[in-house]
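Reader: I would like to go through this model with you and hear the reasoning behind the terms you use. Could we look at it together?

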Amino acid sequence: MRSHKRTGTVYLVGAGPGDPGLITVKGLSAIRTADALVYDRLVHPSLVDEASAGAERFYAGKAPGSVSIEQEEIQDLLIQLARRHERVVRLKGGDPFVFGRGGEEALALREAGIAFEVIPGISSAIAAPAYAGIPVTHRALARGFTVVTGHTCRPDDLPDWAALARASTLVVLMGLGKLDEIARGLIEHGISPKLPVAAVSCATTAQQETVRGTLATIAGACAHLEGPATIVIGEVARMHDDLAWFTAAGPSIDRIRTPFPEHIVALSA
């Protein structure tokens with residue numbers, strides 16, 4: 001390990017799936033006490049505004065098909081900021097350790113001798129289905145669920161279709177652009193083309209939209225959707241028809257500046 005002096009702590013914070021009210025108490029406290037904030041594209045702007053006026057802000061967003069900043073640059077930035085500041089917050093959509101590359105950043109920080117803390121967030125893998133009225137598990141329909149990414153680092157990094165076909169409920173993140181390929185792969189491995197599927201885009205926000213279909217029809221039905229989207233494949237997807245409760249009235253909590261009791265705000269040293 002390199003012998004750099006530890007001058008600060010980096011907090012890897014999950015911002016949740018979209019609605020700023022879904023951030024954790026500890027995550028919000030980290031933002032408010034940060035000396036520097038490095039945030040992603042899907043982080044709600046009001047959460048960035050929660051940082052103090054004197055905090056440095058750095059946008060590190062990535063869009064599908066284009067990379068504005070390389071992952072290695074982000075990691076180097078975090079290291080340099082931690083050598084200048086006491087508290088650095090790396091704010092990510094969802095949860096840092098669920099397809100958020102938080103593990104890569106934590107390893108880079110450890111190698112550089114920088115202290116870090118992980119503050120989990122609510123992943124869209126469970127929040128998007130919940131906001132669409134879809135329980136990912138149900139005693140009569142699904143006793144477990146599998147979460148995978150539809151985005152791969154290498155073109156030859158193919159999914160294990162046989163294993164995915166055995167999942168009671170399959171939740172796919174970042175898979176909208178490959179939905180047709182995913183559906184065909186599952187059908188070719190024995191899954192019925194009539195299996196229910198739901199796609200939830202922009203979950204927990206005023207732009208949320210849920211599209212229902214089957215493995216055979218879902219790709220065409222989602223042609224108009226834009227990401228981010230969460231795909232739910234399995235019998236539980238049909239429960240959206242009865243349990244959909246969220247309306248496009250906007251985020252459920254819009255007064256996140258309401259102070260929390262002092263005894264639950266303080267971050268650990």
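Reader: Which strands does helix 5 lie across, and at what angle does helix 5 run to strand 12?

Author: Good place to start, and please keep in mind that this is a predicted model. Helix 5, residues 124-131, lies across strand 8, strand 9, strand 10 and strand 12. The angle between helix 5 and strand 12 is about 75 degrees.

Reader: What makes those strands part of a sheet, and in which order do they come?

Author: Strands count as paired if DSSP finds at least two bridges between them. Five bridges join strand 8 to strand 9, and these two run parallel. Strand 9 pairs with strand 12 over four bridges in the antiparallel sense, and strand 10 pairs with strand 12 over five bridges, also antiparallel. The result is an open sheet of five strands in the order 8-9-12-10-11, with mixed pairing. Neighbouring strands in this sheet are turned by 20 degrees against each other on average, with direction ignored.

Reader: What makes strand 8 and strand 11 edge strands?

Author: Strand 8 (145-149) and strand 11 (209-214) each pair on one side only.

Reader: Which residues stand opposite each other along the paired strands?

Author: Here are three pairs to look up on screen. Val147 stands opposite Val171 in strand 9. Leu170 has Ile233 in strand 12 as its bridge partner. Ala199 stands opposite Ile231, again in strand 12.

Reader: How do you know that both faces of strand 12 are covered?

Author: We look at each side in turn. Ala229, Ile231 and Ile233 on one side are buried, and so are Thr230 and Val232 on the other. That makes five of its five residues buried, and strand 12 is mostly covered.

Reader: What makes a group of residues a nonpolar core, and which residues have the most contacts inside the largest one?

Author: The residues must be buried, of nonpolar kinds such as Leu, Ile or Cys, and joined through side-chain atoms within 4.5 Å. The largest such core has 24 residues, and those with the most contacts inside it are Leu170, Leu186, Leu215, Cys222, Ile231 and Ile233. Elements that give two or more residues to this core are helix 6 (161-164), strand 9 (169-173), helix 7 (179-188), strand 10 (196-201) and strand 12 (229-233). Helix 7 supplies the largest share, four residues. Another core, of 18 residues, lies apart from it and includes Ile23, Leu37, Val43 and Val48.

Reader: Which residues does Ile233 touch?

Author: Leaving out residues up to four places away in sequence, Ile233 touches Ser168, Thr169, Leu170, Val172, Ile182, Leu186, Leu195, Pro196, Val197 and Leu215.

Reader: Why is Leu179 called buried?

Author: Leu179, in helix 7, has a relative accessibility of 3%. The cut-off for buried is under 20%, so Leu179 counts as buried. Its contacts, not counting neighbours within four places in sequence, are Ile218, Ala219, Cys222 and Ile231. Leu179 and Cys222 are 43 residues apart in sequence, while their C-alpha atoms are 8.7 Å apart in space.

Reader: Why is Leu91 called buried?

Author: The same cut-off of under 20% applies. Leu91 has a relative accessible area of 0%, so Leu91 is buried. Leu91 is found in strand 6, residues 87-92. Beyond its neighbours within four places in sequence, Leu91 is in contact with Val13, Ala15, Ile31, Leu37, Val38, Tyr39, Asp40, Val43 and Leu47.

Reader: How do you know that the buried residues of helix 4 line one face?

Author: In helix 4, residues 102-111, the buried residues are Gly102, Glu105, Ala106, Ala108 and Leu109. Seen down the helix axis, they fall within an arc of 160 degrees, so they line one face of helix 4. On the other side, Leu107 and Arg110 are exposed. The buried residues of helix 4 pack against strand 1 (9-14), helix 3 (71-82), strand 6 and strand 7 (115-119).

Reader: Finally, how many helices and strands are there, and what share of the residues is buried?

Author: The chain has nine helices and twelve strands. Of its 269 residues, 46% count as buried.

Key: Residues are numbered from 1 along each chain as its sequence is written. This is a predicted model: local features need pLDDT of at least 70, side-chain atom pairs count only at pLDDT 80 or more; totals for chains, interfaces and linings use all residues. Side-chain values use heavy atoms; hydrogens and water are left out. Buried means under 20% relative accessible area, exposed over 50%, partly exposed in between (1.4 Å probe, protein chains only). Contact means heavy atoms within 4.5 Å. Axes are lines fitted to C-alpha atoms, for helices over the stretch in contact, and angles run from 0 to 180 degrees between N-to-C directions. The arc is that of the directions from the helix axis to the C-beta atoms.
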